[in-house]
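Colleague: Could you take me on a close look at a single part of this model, the salt bridges and the strands around them? I'd like the cut-offs spelled out as you go.

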Amino acid sequence: MFSSVGIGDWATWASAVIAVVSAVVSVWWPHRNRRQAGWFVLDYDNVGQAMLMHGLESWTPHNGRGTPDRLFSVLNDGDGDGFNVSFTVDGGEAAIVTVQDNGINRAAVEPSNVHVVAPGETVLVAVWMDSDDVALVIHWTLQPTRLGRRVYRRIRVQGKIDRQPWKPLPEPEHDRGMNLTLYRLTHFRETRLAHRLSRLKRNAISFLRRNR
């Protein structure tokens, strides 16, 4: 009798463990294998020829620095989209360059970011270098975008940079503005409740004055 009860208890525990493991795997595996953006940087050997190839022969950079030192074609070689993609340079300056052609006029523009870079799409990035150690830094938002999870990856351009992990690094916490409750406390006079209380106060004072 005791033996049969022990076997039943073990079976119950085993079923519970299997259920927990299955639940963990069912959540972890899709997260582990979710679609993500990846980045491959093509460095053009001849900047002048690359600019001609991309229609930038008459481009005048907004920073007034003239012809860039390097020109990169940054490819999303991952299996997911990169959102709100932007570029900076450790030891220099970067600018995204796109050519807009409406069939009549053709002009180069420098957007601050690219809203979405789909797998297989490229972004043209110009770089001016101010140091012997230079790294291109790619910033983007992971899916789901509603969580606003910003990450970055540093890619060596020249010189030495610290060894980078295989996963992108999370960006330092961005300033998302003042907490709504704190804002209401510090700006109480501007709230609807403050206006209602002020109106009630005026009405009470008027009533008391009339009934003296």
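Modeller: Happy to; here is a walk through the salt bridges, followed by the sheet and one loop residue.

First, the ground rules. This is a predicted model, where local features need pLDDT of at least 70 and side-chain atom pairs count only at pLDDT 80 or more, while totals for chains, interfaces and linings use all residues. Residues are numbered from 1 along each chain as its sequence is written, and side-chain values use heavy atoms, with hydrogens and water left out.

Now the overall setting. The protein chain has four helices and 11 strands; these are DSSP runs numbered from the N terminus, with helices (H or I) of at least four residues and strands (E) of at least two. Of the 212 residues, 25% are buried, where buried means under 20% relative accessible area, exposed means over 50%, and partly exposed is in between (1.4 Å probe, protein chains only). The chain exposes about 15,200 Å², and carbon and sulfur atoms supply 56% of that area; the areas come from the Shrake-Rupley method with a 1.4 Å probe, and for residues only the protein chains shown count as cover. Among contacts with a separation of 6 or more, 68% are between residues 24 or more positions apart, a contact being heavy atoms within 4.5 Å.

On to the salt bridges. A salt bridge here is a side-chain nitrogen of Lys or Arg within 4 Å of a carboxyl oxygen of Asp or Glu, and by this rule the count comes to four.

One of them joins aspartate 43 and arginine 70, with the closest N and O atoms 2.5 Å apart. Aspartate 43 belongs to strand E1 (residues 39-43) and arginine 70 to strand E2 (residues 70-76), so this pair ties together parts that are 27 residues apart in sequence. Aspartate 43 is partly exposed at 28% relative accessible area, whereas arginine 70 counts as buried at 18%.

Another salt bridge is formed by the side chains of arginine 65 and aspartate 130, at 2.5 Å from N to O. This pair links distant parts of the chain, 65 residues apart: arginine 65 is in the loop between helix H2 (47-53) and E2, and aspartate 130 is in the loop between strand E8 (122-129) and strand E9 (134-141). Arginine 65 is partly exposed at 31% relative accessibility, while aspartate 130 is exposed at 54%.

Next come aspartate 90 and arginine 154, whose salt bridge has its closest N and O atoms 2.7 Å apart. Aspartate 90 lies in strand E3 (residues 82-90) and arginine 154 in strand E10 (residues 150-158), so the pair ties together parts that are 64 residues apart in sequence. Aspartate 90 is partly exposed, at 31%, and arginine 154 is buried, at 19%. There is also a network: salt bridges that share partners join Arg65, Glu93 and Asp130.

Let me stay with arginine 154. Leaving out residues up to four places away in sequence, arginine 154 touches Asp90, Ala135, Leu136, Val137, Ile161, Asp162 and Gln164.

That brings us to the sheet. Strands of a sheet pair through backbone hydrogen bonds, either parallel or antiparallel. In this model, an open sheet of five strands runs in the order E7-E3-E9-E10-E11, with antiparallel pairing; two strands pair if DSSP finds at least two bridges between them. E7 and strand E11 (169-170) stand at the edges with a single partner strand each, so one side of each is left without a neighbour in the sheet. E9 and E10 are paired over eight bridges in the antiparallel sense, and the bridge partner of leucine 136 in E10 is isoleucine 155.

Strand E3 also holds asparagine 84. The phi angle of asparagine 84 is near 50 degrees, a positive value in a residue other than glycine, and asparagine 84 is partly exposed at 30% relative accessibility.

Finally, the loop residue. Glutamate 110 sits in the loop between strand E6 (106-109) and strand E7 (114-117). Beyond residues up to four places away in sequence, glutamate 110 touches Trp59, Thr60, Pro61, His62, Ala95 and Ile96. The side chains of glutamate 110 and tryptophan 59 share a polar contact of 3.0 Å; such a contact is a pair of N or O atoms within 3.5 Å, where, within protein, one must be able to donate a hydrogen and the other to accept it, and residues adjacent in sequence count only if both atoms are side-chain atoms. A polar atom of the glutamate 110 side chain also lies 2.9 Å from the backbone nitrogen of histidine 62.
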